[in-house]
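Trainee: I'd like a close look at a single part of this one. Please start with the term you'll lean on, then work outwards to whatever surrounds that part.

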Amino acid sequence: MRSGFATLVGRPNVGKSTLLNKILGIKVSIVSDKPQTTRNQIRGVLNKPDAQVVFVDTPGIHKPRTLLGERLNDTATDAVGDVDVILFVIDATAPLGRGDKFVASRLPKSALCVVNKIDAASKDEVLQQLVSASGLEFDEYFPVSAKTGEGTSALVEAIVARLPEGPQLYPDDMITDVPEAFWVAELVREQLLAVTREEVPHSIACRVTEWEWPRIRVEILVERDSQKGIVIGKGGSVLKEVGQRARAQLPEGAFVELFVKVDKDWQHRPKALERLGY
């Protein structure tokens, strides 16, 4: 039996969360096309007959403009230490940039470089990205598609081969260690990211304030009064759509109440961040 931890790191929007969900065959991390969707370390457990891989999804490493951004970078870099395998994920459809090289420079050469989104790139683009990435001098390179699953089996095999022998770290039936309340708040935030626009997604935080199943109360925090109006929508239209989308991913009978509150400049205030778990 082999067991251990594998951390996914990289720039925002390279598809780390989508890749994790595809490998596990179940959604444990929310996804969107907005940067900095992932704000916490999310663990997902892959159980195989001869191995258990505990994947750790992390926030995208970026140039921070707020205290929240600094905290997210710290969360990502903290997840790199003391793990068995590091997966450095890059985007096959975008040139290897300074940001990618910045992240790569902070990783050991034993990391596995994962070139994601090959379904959206031509063969020539994938080849060019592999050639560019080879200059980073990592141990191995894996072209994959988190969307279709292409290449993920070979990647998982390589991860398992690098794990030490050891006992299971989590029970067989455990897919993630994410608490239920945290997951519901994340589902609401995911749908807000899908429905809202412009600067609003970055200014949104969600937390469950009451849980008496099937009734769940979720508080949505924004930074300004103008954002509150956008999140509520005309006649409550945005909140209604978000609530319906979130409920569709929860067990039947769940009743989700959404409330919007202004917490001025919460991204910049240490106490506000700590209260939200960042």
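Mentor: Let's get burial straight before anything else: a residue is buried under 20% relative accessible area, exposed over 50% and partly exposed in between, using a 1.4 Å probe and protein chains only. This is a predicted model, so to be clear on the ground rules, local features need pLDDT of at least 70 and side-chain atom pairs count only at pLDDT 80 or more, while totals for chains, interfaces and linings use all residues. Numbering starts from 1 along each chain as its sequence is written, and side-chain values use heavy atoms, with hydrogens and water left out.

The part I'd pick is helix H1, residues 16-24. (Helices are DSSP runs of H or I with at least four residues, strands are runs of E with at least two, and both are numbered from the N terminus.) Seven of the nine residues in H1 are buried, so the rest of the structure largely encloses the helix. The buried ones are Lys16, Ser17, Leu19, Leu20, Asn21, Ile23 and Leu24. Just past the end of H1, Gly25 has a positive phi of about 75°.

What does the covering of those H1 residues include? You'll find S1, S2, S3, S4, S5 and helix H5 (152-162) there, with contact meaning heavy atoms within 4.5 Å. H1 lies across strand S1 (2-10), S2, S3, strand S4 (85-91) and strand S5 (112-116), and runs at about 160° to S3. For angles like that, axes are lines fitted to C-alpha atoms, for helices over the stretch in contact, and the values run from 0 to 180 degrees between N-to-C directions.

Now for the sheet under the helix. It's an open one of six strands, ordered S2-S3-S1-S4-S5-S6, with mixed pairing; two strands pair if DSSP finds at least two bridges between them. Its edge strands are S2 (42-48) and S6 (140-143), each pairing on one side only. On average, neighbouring strands here are turned by 25° against each other, direction ignored.

S1 is mostly covered too, with seven of its nine residues buried. On one side S1 pairs with S3, parallel, over six bridges, and Ser3 has Gln52 of S3 as its bridge partner. S1 also pairs with S4, again in the parallel sense, over five bridges, and Val9 stands opposite Phe88 in S4. The antiparallel part of the story involves S2 and S3 (residues 51-57), which pair over seven bridges; there, Lys48 has Ala51 in S3 as its bridge partner.

Finally, H1 takes part in the largest pocket, which holds about 370 Å³ of space. A pocket here is found on a 1 Å grid over the protein atoms alone: it is an open set of points with protein on both sides within 12 Å along at least five of seven lines, whereas in a cavity a 1.4 Å probe fits but cannot get out, and lining residues have an atom within 4 Å of a point. Points are joined across faces, edges and corners, and the volume is the space filled by probe spheres set on them. Of the 24 lining residues, Asn13, Val14, Gly15, Thr18 and Ser32 are the closest to the pocket's centre. H1 gives the largest share of the lining, three residues. By class, the lining has seven nonpolar, 11 polar and six charged residues, where Ala, Val, Leu, Ile, Met, Phe, Trp, Tyr, Cys and Pro count as nonpolar, Asp, Glu, Lys and Arg as charged, and the others, Gly among them, as polar.
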